[in-house]
Structures are given as C-alpha cells and as structure tokens.
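Okay, thanks for having me, everyone. Let me put the sequence and the structure up, and then we'll walk through a few spots together.

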Amino acid sequence: MSGKVEEAVAAENRRMIGKYLQPGTVPEESLSVDSAESRILAALDGTIDGLHWVGHNVIYAAISLAALHELGGGLRHEAADIAELVSSFAKTIPGRSWIGYSAAEVKRLTLDEHDGMPEITDGDQLSAFILNELATYSVIYRAEAHHDLMGHMLTYSHALNILYDLGHHAYFRRGLPGVLKIAKVLRASRQLDPEEPIRIVSPVDRLPLVEAARSSYLPDQPEYWASGIDGAVIDWDFGHLFKFPYSFYHHWNRVSEAPAKAMENFRYIIHPVQTVIS
C-alpha cells in the first residue's frame with residue numbers, strides 16, 4: 001500500500017480499538033503458539049463441519065491463529081476467550097439472509113455432482129474459484145442477502161486459506177462444503193427474472209431489491225478512506241469495510257490471472273452507502 005493508504009488504515013484501526021477496547025487489567029500469563037493453537041483448533045473442531053453464521057466461527061479462529069503466529073505467542077486468557085467464542089457457534093443457524101431460501105433450507109442443503117463445483121485441493125484453487133464466482137454476477141443488490149453474503153464468501157474462503165497455509169489441511173477440507181453451500185445459494189440469484197416473484201424470508205431484506213451502488217474508489221486508493229469511511233458508517237459496517245478488502249486482495253494476489261469482472265463487482269460490495277440496511 002502507498003504511505004497515505006497505510007496511514008489511513010492505521011488511523012481507522014486506532015479509532016476502532018479506542019472505541020471498543022475495554023480498560024482494565026488481566027492476568028498476563030503467556031502461552032506458546034502451539035498451546036494456544038491447540039486450544040483454538042479444539043474449539044473449531046466442533047463446528048467446522050457445518051455452516052454457522054456464514055463461517056464466522058472459521059473466520060475468527062483463523063484470523064486469531066494468524067495473529068498468534070505473527071506475534072510468536074499470546075496470553076492464556078486470550079486463547080481461552082477466543083476458544084469460547086468459536087465454541088459458541090455450535091448449533092447456530094447458517095445465516096439469516098438468503099434470496100430464495102430459508103435459513104433451515106440452507107442448513108439442510110446438500111452438494112452433488114449436478115452443482116458443477118470443481119475439485120478444490122489447495123488454497124490457490126479456492127481463491128481462483130471464489131474470484132470466478134464473484135465475476136459471474138451481472139447485478140449485485142444492496143440487500144444483505146446479496147452483497148453481504150458475497151463479502152462473507154470472500155472472508156470465509158480466506159479463513160480456510162489461512163488454515164491451509166498454517167498446515168491445517170484437514171480443517172481446510174472440512175470447511176470447504178460450507179463455502180460451496182454459500183456459492184450454490186448465491187448462484188440462484190445470478191439472473192433474477194423481474195417477472196417472476198422473488199422469495200425473501202429474511203427479517204432484514206425487503207422487496208423490491210435495489211441495485212448496490214458502485215464505489216468510485218478501491219481500498220488501495222487514499223480516496224477510499226478519505227470519503228467518509230469511518231466509525232460513523234455503522235461502526236465501519238461492523239468491520240466489513242476492513243474485512244472484505246482484506247480477503248478480496250488475499251484472493252486477488254494469489255491468482256495469476258484473475259478475472260477483471262471480479263474487481264469490478266467488488267466495487268459494489270464495498271460501497272459504504274449500501275452497507276446501511278434500512
């Protein structure tokens with residue numbers, strides 16, 4: 001990133017931490033990477049085989065493991081808290097917003113050969129698949145069931161790639177069906193017929209569906225951060241204004257020939273105006 005972009009990201013990061021970090025003292029007992037990792041993975045083991053809240057159980061676990069490795073260890077209470085958070089996803093629904101599906105139908109969804117899903121065995125193949133999926137959409141809607149689910153398809157698959165890169169290949173394989181289920185459900189909205197009734201069962205999405213706005217700037221441009229993307233936009237859209245770019249560029253940089261349409265469609269996922277769901 002350029003210096004201006006790096007400074008802007010760091011400034012927003014400090015603002016978010018300043019708003020949410022609770023003051024107080026905690027035990028400072030250190031824990032090795034291996035010990036902390038084992039605890040977090042044990043918690044993830046109970047939920048990774050299913051789709052829970054569009055993969056946040058995997059996202060939180062993977063990002064935490066990446067941080068532990070970068071820092072060379074952590075604190076005992078941190079590993080315990082993260083493990084508790086990951087375990088809390090047990091028996092939760094796959095997510096509340098789906099076009100054409102109820103949450104229960106998504107939970108019961110199965111994958112078969114007629115879905116045309118490719119065989120994915122490593123992180124590079126997963127990144128290529130995700131970018132190709134993103135490139136197929138002619139319209140991206142403002143509804144949470146559309147732009148938000150596409151964003152989480154990016155972050156969930158990114159989390160699996162982190163697990164793969166850390167050497168946890170079994171967890172990578174076990175988490176793949178969840179990502180593919182999101183892709184399968186989203187495929188149903190590739191070409192919506194305006195003459196046909198659109199089934200919406202979400203408590204937050206409304207008809208008629210409104211097309212998402214296009215972001216004039218990308219997150220690697222200073223203007224993206226200077227155009228009012230801060231805590232005033234519903235707490236940075238619950239962090240999505242950071243997370244979606246983080247995951248998109250992870251996939252983009254991992255693929256040698258990414259489709260340009262994926263970058264274009266990404267602009268409709270990150271526009272700050274569309275993140276406010278009325």
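Which side chain does D115 meet in a salt bridge? That would be K184, with 3.2 Å from N to O. Keep in mind as we go that this is a predicted model. The D115 pair links distant parts of the chain: D115 sits in the loop between α5 (103-108) and α6 (123-135), while K184 belongs to helix α8, 69 residues apart. And are the two buried or exposed? D115 is buried, and K184 is buried too.

Let's stay with salt bridges for a bit. The count for this model comes to 13. Another one joins R174 to D49, and there the closest N and O atoms are 2.7 Å apart. Here again distant parts of the chain get linked, since R174 is in helix α8 (residues 169-187) and D49 is in the loop between α2 (33-44) and α3 (56-71), 125 residues apart. R174 has a relative accessible area of 25%, so we call it partly exposed. D49 comes out at 53% relative accessibility, so that one counts as exposed. There's also a network of salt bridges here, which links D45, D49 and R174.

One more salt bridge, further along: R214 with E264, where the closest N and O atoms are 2.8 Å apart. R214 lies in the loop between α8 and α9, and E264 lies in helix α12 (residues 260-270), so you have distant parts of the chain linked once more, 50 residues apart. As for exposure, R214 is at 37% relative accessibility and counts as partly exposed. E264 is partly exposed as well, with a relative accessible area of 25%.

Okay, on to the aromatics. How many aromatic pairs does a search of the whole structure find? It finds 8. One of them is Y224 with W225, and that pair is edge-to-face, at 5.0 Å centre to centre with 80 degrees between the planes. Both Y224 and W225 are buried. Now follow W225 to another partner, F242: the ring centres are 5.6 Å apart and the planes are at 40 degrees, so this pair is tilted. Why tilted? Because planes under 30 degrees apart would be stacked and planes over 60 would be edge-to-face, and the rest count as tilted. This pair also links distant parts of the chain, with W225 in helix α9 (residues 222-226) and F242 in helix α11 (residues 240-254), 17 residues apart. As for how buried W225 is, its relative accessibility is 10%. And while we're on rings, F248, Y249, W252 and F266 are linked by ring pairs into a cluster.

Now have a look at a glycine, G239. You'll find G239 in the loop between α10 (234-238) and α11. It's buried, at a relative accessible area of 9%. What is the separation between the C-alpha atoms of G239 and M16? It's 9.0 Å, for two residues that are 223 residues apart along the chain.

Last stop, the surface. Which residues form a negative surface patch? They are E28, E78, D81 and E84. Take D81 from that group: D81 is in helix α4 (residues 76-87). At 46% relative accessibility, D81 counts as partly exposed.

That's my tour, so over to you.

Note on methods:
Residues are numbered from 1 along each chain as its sequence is written. This is a predicted model: local features need pLDDT of at least 70, side-chain atom pairs count only at pLDDT 80 or more; totals for chains, interfaces and linings use all residues. Side-chain values use heavy atoms; hydrogens and water are left out. Patches are made of residues with over 30% relative accessible area and no salt bridge: like charges are joined within 9 Å, nonpolar side chains (Val, Leu, Ile, Met, Phe, Trp, Tyr) within 5 Å. Accessible areas come from the Shrake-Rupley method with a 1.4 Å probe; for residues, only the protein chains shown count as cover. A salt bridge is a side-chain nitrogen of Lys or Arg within 4 Å of a carboxyl oxygen of Asp or Glu. Lys and Arg count as positive and Asp and Glu as negative; His and the chain ends are not counted. The place of a charge is taken as NZ of Lys, CZ of Arg, CG of Asp or CD of Glu. Helices (H or I, at least four residues) and strands (E, at least two) are DSSP runs, numbered from the N terminus. Buried means under 20% relative accessible area, exposed over 50%, partly exposed in between (1.4 Å probe, protein chains only). Rings of Phe, Tyr and Trp (its six-membered ring) pair if their centres lie within 6.5 Å; planes under 30 degrees apart count as stacked, over 60 as edge-to-face and the rest as tilted.
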